[in-house]
Amino acid sequence: MSRVTAALGGRLAFGGDYNPEQWPEDVWASDVALMKEAGVNLVSLGIFSWAWLEPKAGRYEFGWLDKILGLLHDGGIAVDLANASATPPPWFSVAHPDSLPVDVDGVRRSYGGRQAFCPSSPEYRAAAAALTEAIVARYADHPAVVMWHVHNEYGCHNWNCYCDTSAAAFRSWLQRRYGELEVLNDAWGTAFWSQRYYDWDEVIPPRRPSYNTFANPTQQLDFARFSSDELLDCYRAEAAIIRAGASQPVTTNFMDFFKPLDYWSWAQEMDLVSNDNYRLGHLGGTGATHNLSMSADLIRSLSDTAPWLLMEHSTSAVNWQPRNVPKAAGQMRRDSLSHVSRGADGALFFQWRASRAGAEKFHSALLPHAGTTSSRWREVCELGADLVKLAPVAGSRGTARIAIAFDWNAWWGVELDSHPSTDIDMMTAVRRWHRTLWEHGHTVDFVHPGRDLDRYQVVLVPSLYLVTDEAAASLAAVVARGGTVVVNHFSGIVDENDHIRLGGYPGAFTDLLGVRTEEFGPLLPDQQVTLTLAGDLVGAATGTVWTELIGTADHDVEVLATFADGMFAGRPAITRRRPEPGPQGSVGGVAWYLATVPDDATLSGVLLTACRQAGVAPALDIADWPAGLEVVVRENDDTRFVFALNAADSDVAVPATGTDLLTGAAWSPESRLAAGGAAVIAARRTPGGG
Ligand code: GLA
């Protein structure tokens with residue numbers, strides 16, 4: 001159990017961002033009373049309070065925060081206290097205009113929104129450090145404070161900066177990475193286009209280059225790495241101040257698949273991983289639900305399967321999408337429970353009381369504009385009661401045996417410009433592969449390809465364009481120990497410097513997959529090719545986006561699909577290698593390769609066959625997985641918790657045995673879960689297994 005859960009008396013967290021400074025003081029007491037009524041036990045305080053806490057440089061005013069912390073504590077509500085560094089006040093930006101961020105075109109952005117600072121600005125860093133020190137000195141021992149919230153959604157509005165201060169910081173970062181300018185020249189391939197550097201001072205961020213040309217790709221890649229590290233440095237500095245003066249756990253809230261920040265490196269700096277997730281209306285009903293699940297799977301994985309905290313989601317509509325769709329009855333509950341099923345030890349929201357002014361006044365909240373005589377408020381109170389019943393779940397972990405290899409470096413790399421096709425991006429393949437398994441009841445982790453892959457029987461490798469030697473070796477080791485990997489086109493193409501791995505594509509994986517590709521054949525948007533299936537794959541099939549000329553395939557490679565037409569007709573399109581057991585203890589697993597983007601049915605055929613043949617089954621044995629049913633398992637040493645969420649319009653069979661923690665009633669294999677309903681079926685684990 002995490003220290004935060006322990007501080008909450010073993011209960012799951014329930015609550016959200018609390019912004020009392022937006023309201024007159026006489027509202028505060030009723031806030032606390034209503035929080036108690038709803039079952040709120042944790043609020044995040046002070047996130048955007050810098051201007052209130054420090055009205056003038058170096059003059060701190062803590063009176064109001066003292067008062068509200070006291071009220072909350074008296075009400076039995078714990079606090080996730082922010083160090084308030086997320087947005088410097090206007091006076092700060094006026095005093096330090098050079099601290100404002102500069103975009104790729106050299107335009108300095110203004111204050112007036114939020115996060116208007118350059119991550120490398122020494123003035124910003126000094127002021128944020130001083131503020132953090134003052135807050136920690138005052139509140140480290142406050143009994144309401146159970147955790148610390150550093151900043152807020154790092155990089156959301158300033159993920160990089162191209163100013164001269166950033167340029168100098170970039171050069172220092174590059175000097176640490178490469179040591180010698182000669183090594184940088186080699187890594188960046190500056191023999192090309194007369195780009196060779198003779199002096200460190202010539203090196204700059206990839207500012208917008210002259211018309212119709214591309215900035216150096218490795219320069220762009222390193223700038224992405226630097227920008228993630230630079231914000232991480234800001235976090236580290238502020239977290240270090242907190243840890244020096246206080247003992248509570250420290251976190252900052254992630255934004256699930258946020259491209260600018262390499263969360264694998266960030267997660268290592270968290271005492272407790274936390275995340276914000278919002279329904280993406282444009283993805284449509286099941287698309288948005290799937291996105292939520294996939295995001296939660298990422299966060300569980302960043303937390304190394306240990307419990308994490310859902311720091312923010314919404315009770316209903318947000319304010320920042322083109323059309324902000326409210327949540328239907330039951331949706332908020334299912335969304336919250338879905339996060340919990342995937343490892344969250346609590347469900348917090350943005351925000352407690354809906355604002356009446358400012359850019360987020362149309363964002364939903366626990367306490368809506370309509371007040372307590374509203375169905376939203378009733379649902380909020382019911383959710384609070386549900387989460388109390390789920391206390392036994394706290395501390396339990398996920399059990400996935402399938403993982404998607406995911407690396408921010410590969411993401412940055414694959415989406416660089418000047419590539420064979422603009423139709424390849426990271427998230428399209430990742431989302432589609434994850435969704436295929438999600439629709440069939442599988443729970444999938446994400447894993448850094450260079451880290452320990454031993455707990456996974458199946459490792460999926462979509463769009464791992466850039467791969468280090470170590471990561472390639474880790475993936476090869478999965479197959480050597482009898483596991484399965486599935487790799488798609490345009491993976492394994494370059495090393496960490498974005499240099500092509502020579503000798504045939506997909507360079508890093510040619511031996512693993514037993515294929516050598518000579519040429520790529522990207523398809524035009526309206527083009528598709530026919531595939532002829534064989535072996536385990538059956539039916540009519542097509543490919544889009546991509547084809548390639550697989551020149552040779554090793555003797556132990558089966559061709560499961562062939563291009564029937566198009567430029568590479570007659571050549572392999574989907575292959576499966578089953579290497580023979582090898583000399584050094586290798587038992588021989590399975591390595592699949594997809595040299596095109598197959599239609600949905602063919603992709604399902606590949607992924608489900610790969611899992612089945614690897615001996616990995618969904619959480620429950622259900623023949624045709626019903627659309628809309630999600631089943632996810634958490635476990636601790638004694639108990640297995642089967643979360644079943646039914647987003648469909650009709651009831652479904654959930655063949656499990658135990659007690660439904662939400663109703664207290666027995667659950668038998670014949671029990672059915674109502675349309676829109678949820679159950680959390682707890683059962684003692686049998687010794688040695690399930
Ligand atoms: C993010 C921020 C919050 C708020 C919400 C609105 O999660 O952290 O401050 O802006 O978005 O959805």
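Helix H12 (residues 331-341) supplies 4 residues to the lining of the largest cavity, the greatest contribution of any element. The model in view is a predicted one, and the structure holds 4 cavities of 30 Å³ or more. The largest cavity encloses about 60 Å³ of space. Its lining consists of Thr289, Gln331, Arg334, Asp335, Ser338, Gly628, Glu630, Leu645 and Ala647. By chemical character, these lining residues divide into 3 charged, 4 polar and 2 nonpolar. Rolling a probe the size of a water molecule over the atoms shows where empty space of this kind is left.

The position of this cavity may be placed within the domain arrangement. The chain is divided into domain 1 (1-12 + 273-392), domain 2 (164-219), domain 3 (402-613) and domain 4 (629-684). Which domains each give at least three residues to the lining of the largest cavity? They are domain 1 and domain 4. Domain 2, for its part, has its C-alpha centre 55 Å from that of domain 4.

The aromatic residues offer a second route through the model. The count of aromatic pairs comes to 34. One of them joins Phe170 and Trp188 in a stacked arrangement, with 6.2 Å centre to centre and 25° between the planes; the planes count as stacked because the angle is under 30 degrees. Phe170 lies in helix H7 (residues 164-178), while Trp188 lies in the loop between helix H8 (181-187) and helix H9 (217-245), so the pair ties together parts that are 18 residues apart in sequence. Phe170 counts as buried because its relative accessibility is 0%, and Trp188 is likewise buried, with a relative accessible area of 2%.

A further pair, Phe257 with Phe446, is edge-to-face: 5.3 Å separates the ring centres and the planes stand at 75°. This pair links distant parts of the chain, 189 residues apart, with Phe257 in the loop between strand S6 (253-254) and helix H10 (263-267) and Phe446 in strand S12 (residues 444-447). Phe257 and Phe446 are both buried. Returning to Phe170 and Trp188, one finds that these two residues belong to one aromatic cluster together with Tyr162, Trp173, Tyr197, Phe223 and Phe226.

Two individual residues complete the tour. Leu81 is found in strand S3 (residues 78-82). Is Leu81 buried or exposed? With a relative accessible area of 0%, Leu81 is buried. Apart from neighbours within four places in sequence, the contacts of Leu81 are Leu45, Leu65, Ile135, Tyr139, Val145, Met147, Trp148 and His149. The C-alpha atom of Leu81 is separated by 29 Å from that of Arg634, a residue 553 places away along the chain.

Gly398 is found in strand S10 (residues 397-398). Its relative accessible area is 24%, so Gly398 is classed as partly exposed. When residues up to four places away in sequence are not counted, Gly398 touches Arg300, Thr305 and Val633. The C-alpha atoms of Gly398 and Gly343 are separated by 6.5 Å, although these positions lie 55 residues apart in chain numbering.

Terms used
Residues are numbered from 1 along each chain as its sequence is written. This is a predicted model: local features need pLDDT of at least 70, side-chain atom pairs count only at pLDDT 80 or more; totals for chains, interfaces and linings use all residues. Side-chain values use heavy atoms; hydrogens and water are left out. On a 1 Å grid over the protein atoms alone, a cavity is a set of points where a 1.4 Å probe fits but cannot get out, and a pocket is an open set with protein on both sides within 12 Å along at least five of seven lines; lining residues have an atom within 4 Å of a point. Grid points are joined across faces, edges and corners, and a volume is the space filled by probe spheres set on the points. Helices (H or I, at least four residues) and strands (E, at least two) are DSSP runs, numbered from the N terminus. Ala, Val, Leu, Ile, Met, Phe, Trp, Tyr, Cys and Pro count as nonpolar, Asp, Glu, Lys and Arg as charged, and the others, Gly among them, as polar. Domain bounds come from an automatic or database domain assignment. Buried means under 20% relative accessible area, exposed over 50%, partly exposed in between (1.4 Å probe, protein chains only). Contact means heavy atoms within 4.5 Å. Rings of Phe, Tyr and Trp (its six-membered ring) pair if their centres lie within 6.5 Å; planes under 30 degrees apart count as stacked, over 60 as edge-to-face and the rest as tilted.
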